[in-house]
Amino acid sequence: MELTVKTSTGSYKIYLERGALNKAHELLNLERRVLIVTDSGVPKVYAETVAKVSKNPYIVTVQEGEASKNMDNFKLLLETLTKYGFTRSDCVVAVGGGVVGDLAGFTAACYMRGIDFYNIPTTLLSQVDSSIGGKTAIDFGGYKNIVGAFYPPKCVIIDSETLKTLPDRQISNGLSESVKMSLTSDSELFRLFENDDIYENIDLIIEKSLLIKKRVVEEDEKEAGLRKILNFGHTIAHAIESENAMENLYHGECVAIGMLPMCSPSVRVRLSAVLKKLNLPTSADCDLSVLLEAIRHDKKMSGDNITVVFVDTVGEFSLKTVPYEEMIETIAKAFKPEPA
């Protein structure tokens, strides 16, 4: 399947096909210097597959995990680009999950004011979410994605064969973002999560998730309006991650927890059942005071108010601007343990 995402500066292709990684030489312009960024948790064969069909490949492998989205690794990539004489006619290729995509994309956006960036997401989370939209960033000062840029890739390759090497927990982690999109935008997709076999429908889930995000980012590239729905559940999720719970919880797991308080009671019941089916958490034990401080630094804060996405009915959403104080009770509910 081939999708075209339109941006304010042009467009880019997304190729969704099993085995597409082995066609990288056909789909990407690799007849130049190519910086391939991956991490220690990604099978080496994926980056090597790209390197073998690149004219002048250089592979940089960072440590697996959110902690690698830092200034030191940003500097490392810039130093590598400079050392090997990369110019504006060369490119950066991300081969891995969202951390690699964010780090590599932000580096490409900054080097020489922007060089070509290709994204090959190999986790379900990055395939259904960060592969589209052009958000790139690193973490700084303990806050997630606080330094970044909107920088669309030149092309994206999504090969669901790469999911075969992922543990079940990582699959669940990615499914959380698809559940998020179904709640705000696609009631049929949500019913698929409720009633059907997930693994048998994984390609359909990826496709429907990409179509939702494509529509949203094309209408609102820089998050001035509609794109805010992609933040559903993320206000609380990012707060959990900033509290360093990321050592124990993955991003999608934090999103799962963060969605529950932002639903009507009837939707919350259905969502809770789906999360349990997908082996995703519904509560977390976090320091409330630290979470509230993280909320104050959230990009969606405006003065003493914050804009959040709320789902009253599956497949529909509303944007609500609420006082910071009102979030205190909401967050407290999110981390209240369920009765045994």
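These questions and answers cover two helix pairs and two buried residues in a predicted model.

Visitor: At what angle do helix 9 and helix 10 pack, and is that oblique or roughly antiparallel?
Guide: Helix 9 covers residues 234-242 and helix 10 covers residues 251-259. Their axes lie 7 Å apart, at an angle of about 130 degrees. Roughly antiparallel would need an angle over 145 degrees. So helix 9 is, relative to helix 10, oblique.

Visitor: Is the crossing of helix 9 with helix 10 left-handed or right-handed?
Guide: The handedness describes how helix 9 passes helix 10. That crossing is right-handed.

Visitor: Which residues of helix 10 meet helix 9, and how do the contact residues divide by class?
Guide: Helix 9 brings His234, Ile236, Ala237, His238, Ile240 and Glu241. Helix 10 answers with His251, Cys254, Val255, Ile257 and Gly258. By class, the residues of this contact are six nonpolar, four polar and one charged.

Visitor: How do helix 7 and helix 11 lie relative to each other?
Guide: Helix 7 spans residues 187-195, and helix 11 spans residues 265-277. The axes are 9 Å apart and the packing angle is about 55 degrees. Roughly parallel means under 35 degrees, and roughly perpendicular starts at 65. The two helices are therefore oblique.

Visitor: In which hand does helix 7 pass helix 11, and what classes of residue make the contact?
Guide: The crossing is left-handed. Helix 7 contributes Phe190, Arg191, Leu192, Phe193, Glu194 and Asn195, while helix 11 contributes Arg270, Leu271, Val274 and Lys277. Sorted by class, this contact holds five nonpolar, one polar and four charged residues.

Visitor: Is glutamate 66 buried or exposed?
Guide: Glutamate 66 sits in the loop between strand 4 (56-62) and helix 3 (71-83). Its relative accessible area is 17%. The cut-off for burial is under 20%, so glutamate 66 is buried.

Visitor: Which side chain makes a polar contact with that of glutamate 66?
Guide: The contact joins two side chains at 3.1 Å. The partner of glutamate 66 is lysine 144.

Visitor: Where is glutamine 170, and is it buried or exposed?
Guide: Glutamine 170 belongs to helix 6, residues 168-185. Its relative accessibility is 17%. Burial requires under 20%, so glutamine 170 counts as buried.

Visitor: What separates the C-alpha atoms of glutamine 170 and histidine 251?
Guide: Along the chain these residues are 81 residues apart. Histidine 251 is also one of the helix 10 residues that meet helix 9. In space, the C-alpha atoms of glutamine 170 and histidine 251 are separated by 10.0 Å.

How values were computed. Residues are numbered from 1 along each chain as its sequence is written. This is a predicted model: local features need pLDDT of at least 70, side-chain atom pairs count only at pLDDT 80 or more; totals for chains, interfaces and linings use all residues. Side-chain values use heavy atoms; hydrogens and water are left out. Axes are lines fitted to C-alpha atoms, for helices over the stretch in contact, and angles run from 0 to 180 degrees between N-to-C directions. Helices (H or I, at least four residues) and strands (E, at least two) are DSSP runs, numbered from the N terminus. Angles under 35 degrees count as roughly parallel, over 145 as roughly antiparallel, 65 to 115 as roughly perpendicular and the rest as oblique. A crossing is left-handed if the near helix is turned anticlockwise from the far one by less than a right angle, and right-handed if clockwise. Contact means heavy atoms within 4.5 Å. Ala, Val, Leu, Ile, Met, Phe, Trp, Tyr, Cys and Pro count as nonpolar, Asp, Glu, Lys and Arg as charged, and the others, Gly among them, as polar. Buried means under 20% relative accessible area, exposed over 50%, partly exposed in between (1.4 Å probe, protein chains only). A polar contact is a pair of N or O atoms within 3.5 Å; within protein, one must be able to donate a hydrogen and the other to accept it, and residues adjacent in sequence count only if both atoms are side-chain atoms.
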